[in-house]
Amino acid sequence: MAATTDGSSVAPASAPDWEKWLPFCKQLPKVELHAHLNGSIRDATIRELADKRGPKGLLAEDAHTLTSKGDRSLADCFKLFDVIHQLTTEHDTITRITREVVADFAADSVVYLELRTTPKHRPEVGMTKQSYVEAVLAGLMDAKIATNDDPPQPPSSQKAEMLEDTREATSRSNGAKAATFDERRTGIIVGLILSIDRRESGEAALETVQLAHSLRHRGVVGIDLSGNPTVGSWATFLPALQWARAYGLPLTLHCGEVPNAEEVRAMLAFRPERVGHVCCLAEPEWQQLLDAKIPVEACLTSNIKTESISSFAAHHFALLYKDDHPVAICTDDSGVFSTSLSQEYAIVAASFGLTADHVFSVARHSVEYIFASESVKQKLRRTFVRGQTHKQ
Ligand code: 6MZ
């Protein structure tokens with residue numbers, strides 16, 4: 001993987017420069033590995049859910065804040081998630097937002113999505129972690145997609161209809177150019193990652209891991225550790241994560257969102273299959289990351305909007321890319337941060353002086369870091385072969 005167009009320094013770009021990359025990035029097949037369900041909700045859905053609560057429900061002001069998208073600190077961001085969670089308490093709503101989020105990624109030419117969400121225990125509405133995840137899985141089925149390796153097989157007539165539906169949706173959203181990359185593309189493959197929230201106890205974390213293990217045959221592909229990075233301690237979650245590993249569940253950890261060298265060292269030494277963010281690593285931990293070659297989920301807009309990184313040009317994606325370190329471009333919370341995967345690719349292309357071939361190569365390499373079988377990887381690799389010669 002080359003570093004920049006001339007192989008030397010990283011060329012910063014002003015923000016609007018990325019817009020010219022959008023048409024190319026929109027029709028590029030892409031792999032999304034770091035997307036939180038409740039952070040990816042459409043604005044229109046948030047407003048509708050808030051309106052349904054009526055004047056005594058969620059304040060109109062809150063709904064306005066939710067959809068106003070300004071830069072906010074990481075702490076403000078987690079307050080915002082609490083407000084969103086007040087709007088998504090019902091099983092039907094969870095099913096609906098899952099369906100919509102998948103549809104939005106599919107319309108953005110995402111061919112493989114790993115969607116992550118924290119199973120919620122809400123006794124006041126009769127919701128258990130299991131019933132929450134069932135509601136998400138219902139949304140995945142509604143979205144008429146294949147859920148990873150071994151999807152429940154519909155009767156063949158229904159299957160033909162599903163393929164036709166997704167084929168139609170893909171060509172509607174991408175226009176004729178979509179065929180440039182793979183005219184056999186028929187839709188989006190989705191895997192579900194269950195998140196452990198750093199506010200949870202060790203027991204609650206273990207419950208999530210056991211749930212993930214029991215639902216692997218239904219499309220659950222891994223475990224994530226996320227939530228407010230200033231809350232909770234690594235020691236609390238380690239036993240549950242060790243169980244996940246014993247079950248053969250791949251792990252991704254939010255790592256180094258705030259400075260915490262001790263935790264970062266412990267996380268990297270644990271050798272998760274992937275890490276997210278890695279914004280605040282001092283030199284020794286950065287070297288530890290590079291030596292371990294753990295793939296990084298890079299979420300540029302999120303890191304800027306939560307003020308973890310000062311500018312796109314200063315983002316550590318450049319260092320990872322120059323070092324040929326495995327890295328996947330991701331959205332994190334496309335709703336909360338008002339972005340899309342195409343936009344994130346466009347920002348990377350413009351900020352670091354990449355060529356169309358470089359951008360294509362970043363997308364193609366992301367396939368290697370997915371939590372799926374070799375057969376799914378093979379299928380996705382074929383999606384990218386035909387695009388090799390495409391130029392901007
Ligand atoms: C850490 C984050 C996050 O699980 O309810 N989440 N955790 N860092 C981030 N970067 C800004 N963005 C989202 O989706 C929302 C939850 O995902 C985690 C938080 O725990 C948040 O409450 P779900 O679907």
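## I223 and the core around it

I223 touches a whole crowd of residues beyond its own stretch of chain: I193, L194, I196, T208, V209, A212, L241, A244, L249, P250, L251 and T252, leaving out anything up to four places away in sequence. Keep in mind that this is a predicted model. I223 also shares a top spot with L289: these two have the most contacts inside the largest nonpolar core, a group of 113 residues. Domain 1 (15–41 + 88–383) and domain 2 (45–87) each give residues to that core, so the core lies between them.

As a bit of background, nonpolar side chains in soluble globular proteins tend to be buried together.

## The overall picture

Zooming out, the protein has 17 helices and 8 strands. Of its 392 residues, 56% are buried. Take the contacts with a separation of 6 or more, and 76% of them are between residues 24 or more positions apart.

## Two helices, inside and out

How much of helix α16 is buried? In this helix (residues 356–366), 8 of the 11 residues are buried, so the rest of the structure largely encloses it. The buried ones are A356, H358, V359, F360, S361, V362, A363 and S366.

Over in helix α17 (residues 374–385) you'll find V385. Is V385 buried or exposed? V385 counts as exposed because its relative accessibility is 51%, and the cut-off for exposed is over 50%. Going back along the chain from V385, R364 is 21 residues away in sequence, with 8.7 Å between the two C-alpha atoms.

## Y132, tucked into α6

Y132 sits in helix α6 (residues 129–142). With 0% relative accessibility, Y132 counts as buried. Setting aside neighbours within four places in sequence, the residues in contact with Y132 are L37, N38, H91, I94, T117, T118, P119, K120 and M127.

For a sense of distance, try V258, which is 126 residues from Y132 along the chain: their C-alpha atoms are 30 Å apart. V258 turns up again below, in the lining of a cavity.

## Empty space inside

Rolling a probe the size of a water molecule over the atoms shows where empty space is left. Here the count is 2 cavities of 30 Å³ or more, and the largest cavity holds about 60 Å³.

Which residues line the largest cavity? They are R198, P229, H254, C255, G256, E257, V258, N260, E263 and V264. Strand β5 (251–255) and helix α11 (261–270) are the elements that give two or more residues to this lining. By type, the lining is a mix: 4 nonpolar, 3 polar and 3 charged.

## Two positive phi angles

Which way does phi go at H277, positive or negative? H277 is not a glycine, yet its phi is positive, near 75 degrees. H277 belongs to strand β6 (residues 274–277). The relative accessible area of H277 is 1%, so H277 is buried.

E307 is another non-glycine residue with a positive phi, this one about 65 degrees. You'll find E307 in the loop between α13 (300–305) and α14 (317–322). At 53% relative accessibility, E307 counts as exposed. Side by side, then, H277 is buried in the model, whereas E307 is exposed.

Notes
Residues numbered from 1 in each chain as written. Predicted model: local features only at pLDDT ≥ 70, side-chain atom pairs only at ≥ 80, totals over all residues. Heavy atoms only, no water. Core = buried A, V, L, I, M, F, W, Y, C linked by side-chain atoms within 4.5 Å. Buried < 20%, exposed > 50% of the residue type's maximum accessible area, 1.4 Å probe, protein only. Domains from an automatic or database assignment. Contact = heavy atoms within 4.5 Å. 1 Å grid on protein atoms, 1.4 Å probe; cavity = no way out; pocket = protein on both sides within 12 Å on 5 of 7 lines; lining within 4 Å. Points joined across faces, edges and corners; volume = space filled by probe spheres on them. Helix = DSSP H or I, 4+ residues; strand = E, 2+ residues; numbered from the N terminus. Nonpolar A, V, L, I, M, F, W, Y, C, P; charged D, E, K, R; others polar.
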